[in-house]
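Here is a short briefing to read alongside the model. Please keep the sequence and the structure open as you go.

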Amino acid sequence: MMDKRRFESEFRKLYLPLGMYALRYVGDTDSAEDTVQNAFLKAWQAIGNGSDITDFKAFMYRCVRNECISFLRRQEQFVGIEDVPEVEDTDIDTSERDARIWRAIDDLPDRCREVFLLSKRDGLSNEEIAAELDISVKTVKNQMTKAFSRLRAALSTGHKPFYLPFL
């Protein structure tokens, strides 16, 4: 039986990957967060009602999938359940990879993260970033080099060299 401490530990471990998974279906971060929070609430209620969940991770991905279906039905964005595929191992792996990437980005120093996101998320050129932040193009390049170096180091720890999809 899962106790409160283990539930909190699982929550911290799975929240971001489940959010990345939900985001692919519901389309915006607020709705994805609401979906994941609802899934955790339902899981906690099921545990409180005596349900013995043997594979909590699989259970949570299934809960989030079901919450996504409910959300999409309320939004009338699809006709049937076949629009949301079954949870596959590749979905879980992709969600966990995306979560690791975002955690590593969040851990970058403030200026470095800002430059990196303007480049990779917003698609700005080095010159546009320099103008936006009132810094030199050389500083932008240095910050990008620092970002890539730190991301590679953070994402390769304990794993084979990590491929960054945005490189």
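Right after helix 1 comes Gly27, with a positive phi near 90 degrees. Helices here are DSSP runs of H or I with at least four residues, numbered from the N terminus. This is a predicted model, in which local features need pLDDT of at least 70 and side-chain atom pairs count only at pLDDT 80 or more, while totals for chains, interfaces and linings use all residues. Residues are numbered from 1 along each chain as its sequence is written, and side-chain values use heavy atoms, leaving out hydrogens and water.

**Helix 1**
- A bend of about 45 degrees (the angle between axes fitted to the seven residues ending there and the seven starting there) sits at Leu14, with Pro17 following within four residues.
- Helix 1 covers residues 4-26, 23 residues in total, yet its end C-alpha atoms are only 29 Å apart, short of the 33 Å for a straight helix at 1.5 Å a residue; the expected span is 1.5 Å times one less than the number of residues.
- Its buried residues (under 20% relative accessible area, 1.4 Å probe, protein chains only) include Leu14, Pro17 and Tyr25.

**Asp134**
- Asp134 is in the loop between helix 6 (126-133) and helix 7 (137-156).
- Although not a glycine, Asp134 has a positive phi of about 55 degrees.
- Asp134 is exposed (over 50%), at 72% relative accessible area.

**Confidence**
- The average pLDDT (the predictor's confidence in each residue, from 0 to 100) is 82, and 84% of the residues score at least 70.
- Over residues 160-167 the pLDDT is below 50.
- Where pLDDT is low, the predicted coordinates should not be read in detail.

Terms used
Helices (H or I, at least four residues) and strands (E, at least two) are DSSP runs, numbered from the N terminus. Contact means heavy atoms within 4.5 Å.
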